[in-house]
Amino acid sequence: MKMAGFYDESISNGLGWRAVLFVSGCPHHCPGCHNQAAQDYNYGEEFNKAEILQRIQSNSILKGITISGGEPLRQYEFTKEWKFY
């Protein structure tokens, strides 16, 4: 699993202040995709889940995390682990 990007804080990717994790990989290839590079499952960088969680948990203004993509639903086994954040 590769990370296409990460925002420590965002107000435009869900309700309230949120962290945003962009996962790599999408099979849809929608016309006008705003993140074509992230369609490639090999795009981005490896990341340490524990480090990302620490960054999220140490930020007191966050109300949650948004997982975006790529296509996070194609990464179900990975994304379901984040349901409490």
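**Exercise 1.** How many salt bridges does the structure hold? Identify the residues and the elements that are joined.

Solution. The model is a predicted one.
- Step 1: the count of salt bridges is 1.
- Step 2: the partners are Asp8 and Arg55, with 2.6 Å between their closest N and O atoms. The cut-off for a salt bridge is 4 Å, and the pair is within it.
- Step 3: Asp8 belongs to strand β1 (residues 3-10) and Arg55 to helix α1, so the contact ties together parts 47 residues apart in sequence.
- Step 4: Asp8 has a relative accessible area of 34% and is partly exposed. Arg55, at 39%, is also partly exposed.

**Exercise 2.** In which sense do strands β2 and β3 pair, and over how many bridges? Then give the handedness of the connection.

Solution.
- Step 1: β2 spans residues 18-23 and β3 spans residues 64-68.
- Step 2: the two strands pair in the parallel sense, over 5 bridges. One bridge partnership is that of Ala19 with Ile65, the latter in β3.
- Step 3: between β2 and β3 the chain passes through helix α1 (residues 49-57), giving a β-α-β crossover that is right-handed.

**Exercise 3.** How many disulfides does the structure hold? Justify the count from the sulfur positions, then classify Cys26 and Cys30 by accessibility.

Solution.
- Step 1: the number of disulfides is 0.
- Step 2: for Cys26, the closest cysteine sulfur is that of Cys30, at 5.9 Å. A disulfide requires the two sulfur atoms to be within 2.5 Å, so the separation of 5.9 Å is too far for a bond.
- Step 3: seen from the other side, Cys30 has the sulfur of Cys26 as its nearest cysteine sulfur, 5.9 Å away, and Cys30 is in no disulfide.
- Step 4: buried means under 20% relative accessible area. Cys26 has 11% and is buried, whereas Cys30 has 43% and is partly exposed.

**Exercise 4.** Is the peptide bond from Gly69 to Gly70 cis or trans? Locate Gly70, then treat the backbone of His29 in a similar way.

Solution.
- Step 1: omega for the bond from Gly69 to Gly70 is near 25°, and the bond is cis.
- Step 2: Gly70 sits in the loop between β3 and α2 (76-79).
- Step 3: His29 is a residue other than glycine with a positive phi, near 50°.
- Step 4: His29 is located in the loop between β2 and α1.

Note on methods: Residues are numbered from 1 along each chain as its sequence is written. This is a predicted model: local features need pLDDT of at least 70, side-chain atom pairs count only at pLDDT 80 or more; totals for chains, interfaces and linings use all residues. Side-chain values use heavy atoms; hydrogens and water are left out. Two strands pair if DSSP finds at least two bridges between them. Helices (H or I, at least four residues) and strands (E, at least two) are DSSP runs, numbered from the N terminus. A crossover is right-handed if, with the strands pointing away from the viewer, the path from the first strand over the helix to the second runs clockwise. A salt bridge is a side-chain nitrogen of Lys or Arg within 4 Å of a carboxyl oxygen of Asp or Glu. Buried means under 20% relative accessible area, exposed over 50%, partly exposed in between (1.4 Å probe, protein chains only).
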